[in-house]
Amino acid sequence: MGSKTVDEAGTHTGTDAKRDEEDVQLTKDGDTAADQADAEVYQDDEQEHLDSGDSAGSAAGGSGVGQGAAAVVSAGLGIVSLTGSWVGTVASARQEITGQLEMQAAGNASVATQLQALYGDAWQATALWGGLFAVAALIVGVVVLVRPAFGNPDRVQAPWIKSVAWAGVSLGVIGLLLAALKYSGVLLSVPSAG
């Protein structure tokens, strides 16, 4: 602790005795200089860990940014499966053109065949693409929801990520159901020729 000077009689000088009493008092309070330095180092380490954006956590289990982005993608794909996509529109128009060409080549086809070629096949192409987007929404949403089971068990997934992923899964299920109903003809089937 402090250096002690001893006179010939073996007693401490007044200044050293006072310094020793201060050291003993600091030790009793637990506030020695070493303890204070350790506490400051610990606080600095904690602050550096927080300021670095949890880089150690990113290496171990990801920061959650990727999971959040995937959850939003899942919800977006679910919405596209319900509202339609550019790809589905192009596929439907292509199928209509193909149907028109088949009708011209066939010459005299029945009304039911013409309706199926011009309307039904295009409707099924739209349903098929909607179903593909719904399946993609389901897969991405489920992957986001089960991802924490394969990562760092101490890392908790943010509630908003779970909510958005569940929305994507729900929209995917609805989109897949509607696509199946459209493709099978249960929902807005080809009009009858009679």
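Here are some worked exercises on the predicted model shown above.

**Exercise 1. The overall plan**

Work out how many helices and strands the protein chain has, and which pattern the chain follows along the sequence.

*Solution.* Start by counting the elements: the protein chain has seven helices and zero strands. Next, read along the sequence, which gives the pattern α-α-α-α-α-α-α. Then look at burial: of the 194 residues in the protein chain, 23% are buried. Finally, turn to the contacts between residues at least 6 apart in sequence: 74% of these join residues at least 24 apart.

**Exercise 2. Helix 4 against helix 6**

Find the angle at which helix 4 and helix 6 pack, and decide whether the two are roughly parallel or antiparallel.

*Solution.* As a reminder, two packed helices are described by the angle between their axes and the distance between the axes. Helix 4 covers residues 65-83 and helix 6 covers residues 111-146; their axes lie 8 Å apart, at an angle of about 155 degrees. Because angles over 145 degrees count as roughly antiparallel, helix 4 is roughly antiparallel to helix 6. The crossing of this pair is left-handed. On the helix 4 side, the residues making the contact include Gln67, Ala71 and Leu77, while Phe133, Val140 and Val144 are among those of helix 6. Sorted by type, the residues of this contact come to ten nonpolar, six polar and no charged.

**Exercise 3. Helix 5 against helix 6**

Describe the packing of helix 5 on helix 6, and say which hand the crossing has.

*Solution.* Take the geometry first: helix 5 and helix 6 pack at about 160 degrees, and their axes are 8 Å apart. This angle is over 145 degrees, so the two helices are roughly antiparallel to each other. Their crossing is right-handed. Helix 5 brings residues including Val87, Ala91, Glu96 and Met103 to the contact, and helix 6 brings Leu118, Asp121, Thr126 and Trp129 among others. The residues of the contact divide into eight nonpolar, eight polar and three charged.

**Exercise 4. Trp86: buried or exposed?**

Place Trp86 in its helix, then decide whether this residue is buried or exposed.

*Solution.* Trp86 sits in helix 5, which spans residues 86-106. Its relative accessibility is 67%, so Trp86 counts as exposed, the cut-off being over 50%. Trp86 can also be located against Thr126: the two are 40 residues apart in sequence, and their C-alpha atoms are 9.9 Å apart in space.

**Exercise 5. Helix 7 and Ile161**

Find out what length helix 7 reaches, which of its residues are buried, and which residues Ile161 is in contact with.

*Solution.* Begin with length: helix 7 (residues 159-184) has 26 residues and reaches 37 Å from first C-alpha to last, close to the expected 38 Å. Its buried residues are Ile161, Ala165, Gly168, Val169, Gly172, Gly175, Ala179 and Lys182. Helix 4 and helix 6 are among the elements that cover them.

Now zoom in on Ile161. With a relative accessible area of 3%, Ile161 is buried, because the cut-off is under 20%. Apart from neighbours within four places in sequence, Ile161 is in contact with Gly64, Gln67, Gly68, Ala71 and Val144. Gln67 is 94 residues away from Ile161 along the chain, yet 6.9 Å separates their C-alpha atoms.

Last, see what follows the helix: after helix 7 comes Gly185, with a positive phi near 90 degrees.

Note on methods. Residues are numbered from 1 along each chain as its sequence is written. This is a predicted model: local features need pLDDT of at least 70, side-chain atom pairs count only at pLDDT 80 or more; totals for chains, interfaces and linings use all residues. Side-chain values use heavy atoms; hydrogens and water are left out. Axes are lines fitted to C-alpha atoms, for helices over the stretch in contact, and angles run from 0 to 180 degrees between N-to-C directions. Helices (H or I, at least four residues) and strands (E, at least two) are DSSP runs, numbered from the N terminus. Angles under 35 degrees count as roughly parallel, over 145 as roughly antiparallel, 65 to 115 as roughly perpendicular and the rest as oblique. A crossing is left-handed if the near helix is turned anticlockwise from the far one by less than a right angle, and right-handed if clockwise. Contact means heavy atoms within 4.5 Å. Ala, Val, Leu, Ile, Met, Phe, Trp, Tyr, Cys and Pro count as nonpolar, Asp, Glu, Lys and Arg as charged, and the others, Gly among them, as polar. The expected span of a helix is 1.5 Å times one less than its number of residues. Buried means under 20% relative accessible area, exposed over 50%, partly exposed in between (1.4 Å probe, protein chains only).
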